[in-house]
Amino acid sequence: MPRMTGGGALVEMLRRHRVDTVFALPGVQNDALFVAFYDAGEALRVIHTRHEQGAAYMAFGYARASGKVGTYAVVPGPGLLNTTAALATAYATNAPVLCISGQVASDLIGRGFGLLHEIPDQLGILQRLTKWAARIDHPTQTGKLVNEAFRQLYDGRPRPVGLEIPPEVLALAEMLEAPVVSFTSGKGIVSDRHYLAQSALAGHELWRETDVVLAVGTRLHQPQARWGVDRDLKLIRIDIDPVEITRITRPAFGIVADAKTALAALYRALEPRSIKRASRKDELEALKARTLSSLADRLGPQCEYLKAIRAELPDEGIYVEDLTQVGYVGRMAFPVYQPRTYIHSGYQGTLGFGFASALGAKVGRPDRPVVSVSGDGGFMYNVQELSTAVKHGIDIVAIVFADGAFGNVRRMQKEDYGNKLIGVDLLNPQFPKMAESFGAAGVRTTTPEGLGRELAAALKRRGTTLIEVAVGEMPDPWKVMLPPRVRGGR
């Protein structure tokens, strides 16, 4: 019997940990690994992308949509470096992503000979971008190190905890008649159809007068750092990461625990007390209506496009928000009805991540429709993955809002820097024709009504669809979305 190679041992361990999909690009240092991929046959699906960044973002999207480990494999040096933005995004959003990178020959690492793809201290780079990283120096180490990698992925803070616990959150909220304010990672924890589910804009209004806040599995950065805290506000933090609990301020109570376990225990402790509180339905429905009306009045164009998307995307459909004028407003104005159906880049704000991440989300949840929302600037970061979508039959709808500029920066240069415009205007292709050249469907529209019609048609057809939405300058969202401090001193 032939001796198992390092690549073969790695694939065997991936299969033992139930990895069935790898996003990858081949190269000389990964030859043995790709032979092992081939030998695995139908047990392992290999989706080869057109760029390493695309592979990593697809693994990220796969992890966020499915809750399973998203895995990608690339060559060392520039191949790995091309994936670092996606790694940082996964770190920011607690997504379980496994990076597999090749390396130069073991006995030549760190020698500085100028070998193909050699960079100084590649392992050190990985260690600073991830929760844990190690090097497999010999095939005999593969089992132990892969097991440890998966232990690290699932131990402690592996992913947004809130997305795993909707029943416990809602049961507790209903008992207490307490509104549930979700930020981007938590959207869909409680369906936005429920009166207790409130946007961050409504949360800002509630924050002014509230006396107790139970914060579960959240960094709570914006409320603490922007909205303000004072002695009259009692914070109770539940988080699996002890560092996170006291990162900004020290709460009245800090509980280090898995959110699901802690909330279940809290519910069991409160249930015998038969807490009966007057319904806040009328009050909170009025608050929700008031904040949505305010958004529509001040950010009407973005809200109308979001309304058109929500009207056609089923409740279980997955919405991937890239950094664009419509996407920004969606954080407040796009209703979400189920967990894991709203994907974003967290505090990294990774421009261009959306389209490739949406492809990964579709691979992770092939049973659900997936829509990505990008601007023309961000979409072109990973436009080459249209090839991957068509090649591998990954059917999503990519909506591209095209204003011919890096619109957010252009507006700042115009309004804040005396209209000194530089490096912000773009020359775009004809997006529908470009999509068609890859074998995808491509259409163009100019109105929310047109977007609704085209999205409805795209969700019914097989294959990837690109919808270009030609738009002009939109209202500044940040004056609405970054409300002022309402408690405590500066």
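## Working through the model

At 38% relative accessibility, K281 counts as partly exposed. That value, like the others here, comes from a predicted model. Here are some exercises to try with the structure open.

**Exercise 1. Place K281: find its helix, then list what it touches beyond its neighbours within four places in sequence.**

Step 1. Start with the secondary structure: K281 belongs to helix α13, which covers residues 281–298.

Step 2. Check the exposure. Buried ends at 20% and exposed begins over 50%, so a residue at 38%, like K281, is partly exposed.

Step 3. Look for contacts. Once neighbours within four places in sequence are set aside, K281 is in contact with E177 and Y195.

Step 4. Add a distance. H194 sits 87 residues from K281 along the chain, and their C-alpha atoms are separated by 9.1 Å.

**Exercise 2. Work out where the salt bridge partners R16 and E12 lie, and how exposed each one is.**

Step 1. Begin with the general idea: side chains of opposite charge can pair when their charged atoms come close.

Step 2. Apply the cut-off. A salt bridge needs a side-chain nitrogen of Lys or Arg within 4 Å of a carboxyl oxygen of Asp or Glu. For R16 and E12, the closest N and O atoms are 3.2 Å apart, and the pair forms a salt bridge.

Step 3. Locate the two. Both lie in helix α1 (residues 6–16), spaced 4 residues apart, or about one turn of the helix.

Step 4. Compare exposure. R16 is exposed at 59% relative accessibility, whereas E12 is partly exposed at 28%.

Step 5. Now look at the rest of α1. Its buried residues are G7, G8, A9, L10, V11, M13 and L14, and they pack against α2 (31–40), β4 and α7 (142–154). Just after the helix, R18 takes a positive phi of about 65 degrees.

**Exercise 3. Trace the salt bridge between D315 and R193: which parts of the chain does it link?**

Step 1. Check the pair itself: the closest N and O atoms of D315 and R193 are 2.7 Å apart, and a salt bridge forms.

Step 2. Place each end. D315 is in the loop between α14 (300–312) and β10 (318–321), and R193 is in the loop between β5 (180–181) and β6 (197–198). The two residues are 122 residues apart, which makes this a link between distant parts of the chain.

Step 3. Read the exposure: D315 is partly exposed at 26%, while R193 is exposed at 55%.

Step 4. Set another pair beside it. E244 and R247 form a salt bridge with closest N and O atoms 3.1 Å apart, and E244 is buried, at 7%. Elsewhere, E148, R151 and D155 are joined into one network by salt bridges that share partners. Over the whole structure, the search turns up 15 salt bridges.

**Exercise 4. Explain why one side of β2 and of β4 is left without a neighbour in the sheet.**

Step 1. Get the order: this open sheet has 4 strands, β2-β1-β3-β4, paired in parallel.

Step 2. Find the edges. β2 (45–48) and β4 (97–101) each have a single partner strand, so one side of each lacks a neighbour in the sheet.

Step 3. Add the turn: on average, neighbouring strands are rotated by 25 degrees against each other, direction ignored.

Step 4. Zoom in on one pairing. Strand β1 (residues 21–24) and β2 run parallel and are joined by 4 bridges. V22 has V46 as its bridge partner in β2.

**Exercise 5. Decide whether E321 and T89 are buried or exposed, then list their surroundings.**

Step 1. Take E321, in strand β10. At 1% relative accessibility, it is buried.

Step 2. List its polar partner: a 3.1 Å polar contact joins the side chains of E321 and R331. Beyond four places in sequence, the contacts of E321 include Y342, H344 and F353.

Step 3. Turn to T89, in helix α5 (residues 84–92). Its relative accessibility is 0%, so T89 is buried.

Step 4. Finish with the contacts of T89. Its side chain reaches the backbone oxygen of A85 at 2.8 Å. Not counting residues up to four places away in sequence, T89 touches Y57, F60, S345, Q348 and T350.

Key: Residues are numbered from 1 along each chain as its sequence is written. This is a predicted model: local features need pLDDT of at least 70, side-chain atom pairs count only at pLDDT 80 or more; totals for chains, interfaces and linings use all residues. Side-chain values use heavy atoms; hydrogens and water are left out. Buried means under 20% relative accessible area, exposed over 50%, partly exposed in between (1.4 Å probe, protein chains only). Two strands pair if DSSP finds at least two bridges between them. Axes are lines fitted to C-alpha atoms, for helices over the stretch in contact, and angles run from 0 to 180 degrees between N-to-C directions. A polar contact is a pair of N or O atoms within 3.5 Å; within protein, one must be able to donate a hydrogen and the other to accept it, and residues adjacent in sequence count only if both atoms are side-chain atoms. Contact means heavy atoms within 4.5 Å.
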